[in-house]
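Please open the model in a viewer and keep the sequence panel visible. The tour proceeds by selection, and each stop states what to pick and what is found there.

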Amino acid sequence: MNFHDAALDLEGLQQRLSSIREDFCITAVNAAKVLCEKLGIRIEGRIKRGKQMPGENAGDAGLAAVEEITRIMKSVIDRLIQEMTTRFGRLRTLDEKFGFLFNISKLFANDTSNDIQQHCATLADFYKTDIDGTELFVEISDCSMLLKTRPDATNATPSSPLELLSFIISYGNDIFPNLRIVLQIMLTISVSVASCERSFSKLKIILTYLRASMGQERLSDLALQSIEKELIETINFDDVIDNFASARSRKVVL
């Protein structure tokens with residue numbers, strides 16, 4: 001799955017959660033009430049203590065259990081939608097910049113030229129030193145004409161950005177330079193970097209309160225070994241020990 005499809009799926013999930021928020025909570029609470037009645041469980045209300053402010057007489061407000069559960073469920077759904085919006089902001093930003101390049105058939109369609117031109121201008125504003133928006137739009141149009149005039153156009157039309165990049169490279173490095181650079185950036189850009197988070201997770205495991213006196217060098221070495229565990233497991237330590245033992249001793253000039 002590419003980040004364009006992931007962004008569309010996340011957007012659809014958010015819209016779905018927003019649309020079923022009310023009905024889902026009501027349906028779930030009603031189903032729980034039926035189950036409680038079937039099992040003989042009483043649904044009792046709870047007393048919510050009102051905070052007494054200076055100069056006020058705050059009384060206890062009765063809050064039914066059904067209302068409290070509904071409120072909590074809605075809060076959970078709202079928090080989920082908010083977290084999806086916050087955590088996947090970079091993914092949406094990338095999709096806004098490069099998403100139009102994933103649909104090859106729409107990219108080369110004549111009826112979407114205005115949208116493509118706008119996307120090219122937006123992308124060029126961000127990568128001013130790498131591409132030119134006007135030339136990028138012209139190259140997309142020229143590439144579309146080239147694909148249509150090929151003898152095997154019906155069978156060899158690229159269906160993905162990677163195939164389109166391979167097609168451009170097959171004609172040399174001088175053809176469609178802006179389109180080639182944009183495709184290379186899009187196919188190699190990282191949506192998220194987990195190495196930093198993974199390092200901190202390993203440090204929490206290694207540097208416990210019992211190892212508080214561990215030095216920085218030892219901590220870095222242990223963290224590196226823990227992060228690269230799969231690579232470490234492929235190393236034959238017997239060979240390493242034999243090589244170390246068979247190495248000639250060297251005299252250090254003082």
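Helices in this tour are DSSP runs of H or I with at least four residues, numbered from the N terminus. The model is predicted. In that numbering, A124 lies in helix 5, and this residue will serve as a later stop.

**Stop 1: the whole chain**

Begin with a cartoon of the protein chain, which has 12 helices and 2 strands. Followed along the sequence, the order of elements is α-β-β-α-α-α-α-α-α-α-α-α-α-α. Now colour by accessibility: of the 254 residues, 25% are buried. The chain exposes about 18,700 Å², and carbon and sulfur atoms supply 55% of that area. For a contact map, consider the contacts with a separation of 6 or more: 58% of them involve residues 24 or more positions apart.

**Stop 2: salt bridges of helices 1 and 2**

The whole structure contains 4 salt bridges. Select R21 and E22 and show their side chains. These two residues form a salt bridge in which the closest N and O atoms are 3.0 Å apart. Is R21 buried, partly exposed or exposed? R21 has a relative accessibility of 22%, and therefore counts as partly exposed, since the buried class ends under 20%. E22 is likewise partly exposed, with a relative accessible area of 37%.

Add K74 to the selection. Its side chain meets that of E22 in a salt bridge, at 2.9 Å from N to O. This pair links distant parts of the chain, with K74 in helix 2 (residues 65–87), E22 in helix 1 (residues 3–39), and the two positions 52 residues apart.

Remain in helix 2 and select R79 with E83. The two form a salt bridge whose closest N and O atoms are 2.9 Å apart. The residues are 4 apart in helix 2, so about one helical turn separates them. E83 is partly exposed, at a relative accessible area of 24%. To complete this stop, display R21, E22, K74 and D78 together: salt bridges that share partners join these residues into one network.

**Stop 3: the aromatic pairs**

Next, display the aromatic side chains. A pair of aromatic rings is described by the distance of the centres and the angle of the planes. A search of the whole structure yields 3 aromatic pairs. Select F98 and Y127, whose ring centres are 5.9 Å apart. Why is this pair classed as tilted? The planes of F98 and Y127 meet at 55°, so the pair is tilted, since only planes under 30 degrees apart count as stacked and those over 60 as edge-to-face.

Trace the backbone from each ring. F98 belongs to helix 3 (residues 89–98), whereas Y127 is in the loop between helix 5 (113–126) and helix 6 (133–149), so the pair ties together parts that are 29 residues apart in sequence. F98 counts as buried at 1% relative accessibility, and Y127 counts as buried at 14%.

Move to F167 and Y171, which form an edge-to-face aromatic pair, 5.1 Å centre to centre with 70° between the planes. Here the two partners fall into separate accessibility classes: F167 is buried at 8% relative accessibility, while Y171 is partly exposed at 42%.

Return to F98 and Y127 and include F126, because F98, F126 and Y127 form one aromatic cluster. Then select K97, which lies over the face of F126, at 3.0 Å from the ring centre.

**Stop 4: A124**

Keep K97 displayed and select A124. The C-alpha atoms of A124 and K97 are separated by 9.5 Å, with the residues 27 apart along the chain. A124 is buried, with a relative accessible area of 11%. Which residues does A124 contact once its neighbours within four places in sequence are left aside? A124 is then in contact with I131, D132 and G133.

**Stop 5: a nonpolar surface patch**

Finally, switch to a surface representation and select I235, F237, V240 and I241. These residues make a nonpolar surface patch of about 360 Å². V240 is found in helix 12 (residues 237–246), and counts as partly exposed at 42% relative accessibility.

Conventions: Residues are numbered from 1 along each chain as its sequence is written. This is a predicted model: local features need pLDDT of at least 70, side-chain atom pairs count only at pLDDT 80 or more; totals for chains, interfaces and linings use all residues. Side-chain values use heavy atoms; hydrogens and water are left out. Rings of Phe, Tyr and Trp (its six-membered ring) pair if their centres lie within 6.5 Å; planes under 30 degrees apart count as stacked, over 60 as edge-to-face and the rest as tilted. Buried means under 20% relative accessible area, exposed over 50%, partly exposed in between (1.4 Å probe, protein chains only). A charge sits over a ring if NZ of Lys or CZ of Arg is within 6 Å of the ring centre and within 35 degrees of the ring normal. Contact means heavy atoms within 4.5 Å. Accessible areas come from the Shrake-Rupley method with a 1.4 Å probe; for residues, only the protein chains shown count as cover. Patches are made of residues with over 30% relative accessible area and no salt bridge: like charges are joined within 9 Å, nonpolar side chains (Val, Leu, Ile, Met, Phe, Trp, Tyr) within 5 Å.
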